[in-house]
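The following points are offered as a colleague's note on the structure. They are arranged by topic and may be read alongside the coordinates.

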Amino acid sequence: MKIAVFTGASSGMGREFVRQITEQQQFDEIWVIARRLDRLMEIKNEVSCPVRCISLDLTKAEALDEYKSLLEEHNPEVKVLVNASGYGKFGAFCDLPLDEQLGMIDLNDKALVAVTYITLPFLKDGSEVYQVDSLSSFQPVPYIGVYAATKAFVLSFTRAVNCELRHTGIKMMAVCPGWVKTEFFDRAVVDESVITYYNQFFTSEQVVKRALRDMKKKKDVSVCGFKIRAQVLLTKILPHKMVMKIWLKQQKKK
């Protein structure tokens with residue numbers, strides 16, 4: 001049985017990956033994972049292949065055990081894995097609740113690593129892994145400090161493991177978009193005065209379309225938009241202290 005697995009599939013980038021990947025590839029079944037079962041059930045009406053809806057909170061050890069048991073029970077060939085679960089919180093480090101900040105680490109990093117590790121034995125030559133990351137992974141970002149740090153981890157982890165897998169035929173790529181208008185902002189924005197400058201917004205459709213194209217080119221990082229790719233280049237050239245000063249000036253922070 002050939003399947004695709006999508007975490008964070010109930011909305012945003014995860015859901016868009018489901019739409020576009022199932023249009024391009026054929027699967028015996030797709031597994032969609034998120035906490036909101038009702039939102040997952042809607043996907044059955046949006047794709048042509050069979051859908052297994054799996055309601056799990058991936059920050060819980062028992063949920064990861066359940067996912068592992070499902071793989072071992074069905075022993076599928078996982079052709080595509082998309083790790084799109086994650087969230088952010090905007091605000092000063094000292095102002096945000098500790099449990100929210102630790103939760104970002106648990107979901108954005110620990111769960112992503114666990115799902116990747118558990119799925120790896122079921123990936124074969126030609127399998128693709130998309131790790132949904134962020135433009136903030138390339139630099140320290142004041143007032144999004146913990147979120148940006150979790151995404152820096154994802155970028156480093158993804159590129160390193162992709163290199164380790166180079167002889168297996170399995171490809172792993174970090175998808176690092178700039179601002180994407182999704183439900184992410186409903187949870188991320190606590191105080192609209194914290195982040196006030198957004199240089200450019202993209203749609204989920206644009207980001208995923210670019211990611212699928214970059215995967216075919218065997219890239220390990222996908223960045224949507226020429227201006228955003230130029231920004232990434234600047235973060236590699238300029239000292240990060242200067243980059244952070246520019247960011248603070250854009251956000252009108254002293």
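1. K218 is exposed in this predicted model, with a relative accessible area of 66%. The residue sits in the loop between α7 and β9 (221–222). Its phi is near 65°, a positive value in a residue other than glycine. Most residues other than glycine have a negative phi, and the backbone at K218 therefore merits a look during inspection.

2. Y143 also has a positive phi, of about 75°, although it is not a glycine. This tyrosine belongs to the loop between β5 and α5. With a relative accessible area of 29%, Y143 is classed as partly exposed, since that value falls between the limits of 20% and 50%.

3. Helix α7 (residues 204–216) packs on α1 at an angle of about 55°, and the two axes are 9 Å apart. The helices are therefore oblique to each other, and their crossing is right-handed. On the α1 side the contact is made by G12, M13, E16, F17, Q20, I21 and Q24. The α7 side contributes S204, E205, V207, V208, K209, A211, L212 and K216. By class, this contact holds seven nonpolar, four polar and four charged residues.

4. Within the α1 side of that contact, how accessible is E16? E16, a residue of helix α1, counts as buried, at 5% relative accessibility. When its neighbours within four places in sequence are left aside, E16 is in contact with S204, E205 and V208. The list thus includes another glutamate, E205.

5. Two aromatic pairs are counted in the model. One is formed by F17 and Y130 and is tilted, with 5.2 Å from centre to centre and 50° between the planes. F17 lies in helix α1 (residues 12–24) and Y130 in strand β5 (residues 123–132), so this pair ties together parts that are 113 residues apart in sequence. Both partners are buried: F17 has a relative accessibility of 0%, and Y130 has a relative accessible area of 1%.

6. The other aromatic pair, F153 with F157, is stacked: the centres are 6.0 Å apart and the planes differ by 5°. Both residues lie in helix α5 (residues 145–164), four residues apart, which is about one turn of the helix. F153 is partly exposed, with a relative accessible area of 36%, whereas F157 counts as buried at 18%. The value for F157 falls under the 20% limit, and the residue is therefore placed in the buried class.

7. Helix α5 also packs against helix α4 (residues 98–119), at an angle of about 15° and with the axes 8 Å apart. This angle makes α4 roughly parallel to α5, and the crossing of the two helices is right-handed. From α4, the contact is made by Q101, M104, I105, N108, D109, L112, V113 and T116. From α5, the residues are V146, Y147, T150, K151, F153, V154 and F157. F153 and F157, the stacked pair, are thus both part of the contact with α4. The residues of this contact divide into nine nonpolar, four polar and two charged.

Key: Residues numbered from 1 in each chain as written. Predicted model: local features only at pLDDT ≥ 70, side-chain atom pairs only at ≥ 80, totals over all residues. Heavy atoms only, no water. Phe/Tyr/Trp six-rings, centres within 6.5 Å; stacked < 30°, edge-to-face > 60°. Buried < 20%, exposed > 50% of the residue type's maximum accessible area, 1.4 Å probe, protein only. Axes fitted to C-alpha atoms, helices over the stretch in contact; angles between N-to-C directions. Parallel < 35°, antiparallel > 145°, perpendicular 65-115°, else oblique. Left-handed = near helix turned anticlockwise from the far one by under 90°. Contact = heavy atoms within 4.5 Å. Nonpolar A, V, L, I, M, F, W, Y, C, P; charged D, E, K, R; others polar.
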